[in-house]
Amino acid sequence: MDLYLRLIKFALPYKTRLILAMAFMSLCSGAQSLSAYLVKPVMDYIFVNKDMTKLYIIPGAVVLLFLIKGIFEYLQGYFIGYVGQRVVTDIRELVFRSMQKQPLSFFDKTPTGSNISRIVNDTALIQSTVSDSVAAILKDILSIIGLIAVAIHMEWKLSLIAFVVLPFSIYPIVTFGKRLRKIGFNLQRYIARLTSFLHETITGQRIVKAFSMEEYENKRFVVENETLFRIVMKRTRIRALSHPVMEVIGGVAIGAVILYGGREVILGNSTPGTFFSFMTSLIMLYEPIKKLNKENHNIQQGLAASQRVFELIDRKPEVQEKPDARNLENVQGVIDFSNVSFRYDDKMVLNNINLRIEKNEILAVVGKSGVGKTTLVNLIPRFYDITSGRLEVDGNDIHDITLDSLRRNIALVTQDVILFNDTIRSNIAYGVEPDEERLFEATRMAFAHDFILKLPKGYDTVAGEKGVRLSGGQKQRIAIARALYKNAPILILDEATSSLDAQSEIEVQKAFENLMKGRTTIIIAHRLSTIINAHRIIVLDKGAIVQEGTHTSLMEQEGPYRKLYEIQFKAGARKKVIPIGKKVS
Ligand SMILES: Nc1ncnc2c1ncn2[C@@H]1O[C@H](COP(=O)(O)OP(=O)(O)OP(=O)(O)O)[C@@H](O)[C@H]1O
Ligand SMILES: [Mg+2]
């Protein structure tokens, strides 16, 4: 019931059209009932009394009636269709907005395909419910009322039979409907699963092929596909059963009516016209009841889908803005972690981190893979909320400032580069009006300008799905240009140069050096060349900062940094010409 009410609430803004639709619908049903009523004069005047003048009037009335009914039906269909489509468009927007509000942890947990399925498949089902089924049901109910009125008017005693039978035909509608709703919910969930499976195998095709796993994936798909078949068959069984059950009930009613009504006509208590008019309304009554049953199936499915959609709309994001959050202004870029701990659901990653990063400082974060470097920097823009402790930017607890103003002041180059299916220009000036001069400056600094110009349409080349048409290093340079273009006081570079060759890395490095002036920068890197000039280096291990200092001071100590250097940096360092290398060895 709540679901119904909620769906109806979405239609309220369009109430004028809704009222118009309902008005035309009632007129339409009225016309339909009238056509059942017309059977009486046809029978009695034309067939029984053989009245010639009526022969010319009544057919004209029939044609007129159907014409009027047709016009009403068109208007009704248009208005209800409008309301239905509007409602679904609004719902789709709402789900998308709610999804955008969710923190990264939500996307870690829900497969992409499942989210896509909610926005595409589930809303499509709601659409068919709202615009087609609800309209049809309203119309059917009005028709039923009208036809019953005609029936009562013709033969109230006979109508009693219809009233006795009606509840019997409603019963299967309700019970089958309930079961269908449950199946519908499972079905939608399953379709979401199938969509995620498809999403994974499609985006992962390169790996599937590299490991010759096509057959394995085929088998997995067969399992999923067959399960879907079984769920759909459950639905089919109920749908197939409900129709004959209603036919039988209808047959019993008609049989009883012929028996009683025929007797009344033979005994002279009633005219054939009255009887046939009554029969027509009864037979016509069967149609909307049958449709009611079918539409009920669709509605149940739509409600099941809306349940899934509302689940997402109602989801409270874990990372939320306080109602009285302030805007962060004139950012200096002082970042202060005090006793910060962080855990992903069940996994402790950072433990009591104390770290103050000063204005204009360049801080390098090093440590073994999986130690929590990316996690540490993800806490600053509140991609994830800290589990305990306090995290400040310029002395403001980051929970007290608006997410927008916080994030606007942070430029980020992430470990895995995402380019949108849009032009290179819009990818770099993401979300802002591109300013040609600044754009070129950013791409030149990121050593991207030259290769972009060589692309088929230069800056207007579309980066393609997930940026496939560009090499890893090219994508990375575009991501760097994007961060440079953002020109924010806090800069975070997470393995930003890992895909570049030695030469470009050295060059981009120079660009960074210019860029880092006057900004607070955090660099995560596996390569020595990137961190050697940092003001300060911290070494993360087992969720804690185990060492800190400059490259030179850390190399003088026996400790994890030197070990990392020995096993990780040195190999890379040897390949490149690093001026400081002499001093180190
Ligand atoms: N979204 C997540 N949900 C749950 N656990 C995660 C998530 N992301 C990372 N982890 C876990 O947290 C730990 C730290 O991951 P993180 O990505 O911060 O490491 P990292 O130091 O950046 O590693 P790398 O150098 O390989 O990039 C890892 O052990 C990882 O398994
Ligand atoms: Mg990382």
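**Exercise 1. Which residues of strand 7 lie on one side and which on the other, and are they buried or exposed?**

Solution. Start with the conventions. This is a predicted model, in which local features need pLDDT of at least 70, side-chain atom pairs count only at pLDDT 80 or more, and totals for chains, interfaces and linings use all residues. Residues are numbered from 1 along each chain as its sequence is written, chains are lettered from A and ligands numbered from 1 in the order in which they are written, and side-chain values use heavy atoms, without hydrogens and water.

Step 1. Find the strand. Strand 7 covers residues 490–494. Strands (E, at least two residues) and helices (H or I, at least four) are DSSP runs, numbered from the N terminus.

Step 2. Sort the side chains. Ile-490, Ile-492 and Asp-494 are on one side. Leu-491 and Leu-493 are on the other. All of these are buried, and both faces are covered. Buried means under 20% relative accessible area, exposed over 50%, and partly exposed in between (1.4 Å probe, protein chains only).

Step 3. Conclude. Five of the five residues of strand 7 are buried, so the strand is largely enclosed by the rest of the structure.

**Exercise 2. Trace the parallel pairings from strand 6 to strand 9.**

Solution. Two strands pair if DSSP finds at least two bridges between them.

Step 1. Strand 6 and strand 7 run parallel, with four bridges. Val-413 has Leu-493 in strand 7 as its bridge partner.

Step 2. Strand 7 is joined to strand 8 by five bridges, again in the parallel sense. Here Leu-491 is partnered by Thr-521.

Step 3. Strand 8 (residues 520–524) also pairs with strand 3, parallel, over four bridges. Val-365 stands opposite Ile-524.

Step 4. Strand 3 pairs with strand 9 (residues 536–541) in the parallel sense, over five bridges. Val-366 has Val-539 as its partner.

Step 5. Check the cover of strand 3. Six of the six residues in strand 3 (residues 362–367) are buried, so this strand too is largely enclosed by the rest of the structure. Ile-362, Ala-364 and Val-366 are on one side; Leu-363, Val-365 and Gly-367 are on the other.

**Exercise 3. In what order do the four strands of the open sheet stand, and which are at the edges?**

Solution. Step 1. The order is 2-1-4-5, with antiparallel pairing.

Step 2. Strand 2 (347–357) and strand 5 (396–397) are the edge strands, since each pairs on one side only.

Step 3. Look at one edge. Strand 4 (residues 388–393) meets strand 5 over two bridges, in the antiparallel sense. Glu-392 stands opposite Asp-397.

**Exercise 4. Describe what holds the magnesium ion (ligand 2).**

Solution. Step 1. List the donors. Thr-374 (OG1) and Gln-415 (OE1) coordinate the ion at 1.9 to 2.4 Å. Donors are N, O and S atoms within 2.8 Å of the metal (3.2 Å for Na, K and Ca); water is not among the atoms, so sites may look incomplete.

Step 2. Place the donors. The pair is 41 residues apart and links distant parts of the chain. Thr-374 is in helix 11 (residues 373–378), whereas Gln-415 is in the loop between strand 6 (410–413) and helix 13 (424–428).

Step 3. Read the exposure. Thr-374 is partly exposed at 27%. Gln-415 is partly exposed at 40%.

**Exercise 5. How many residues surround ligand 1, and which are the closest?**

Solution. Step 1. The count is 14 residues, each with a heavy atom within 4 Å. The closest are Asp-108, Ser-369, Thr-374, Thr-375 and Gln-415.

Step 2. Helix 11 gives the largest share of this shell, three residues.

Step 3. Collect the polar contacts (pairs of N or O atoms within 3.5 Å). An oxygen atom of ligand 1 is 2.8 Å from a polar backbone atom of Gly-370. For a polar backbone atom of Gly-372, the distance to a ligand oxygen is 2.9 Å. For an N or O atom in the side chain of Lys-373, it is 2.7 Å.

Step 4. Add the area. Ligand 1 alone exposes 630 Å², and the protein buries 70% of that. Accessible areas come from the Shrake-Rupley method with a 1.4 Å probe.

Definitions and conventions
A polar contact is a pair of N or O atoms within 3.5 Å; within protein, one must be able to donate a hydrogen and the other to accept it, and residues adjacent in sequence count only if both atoms are side-chain atoms.
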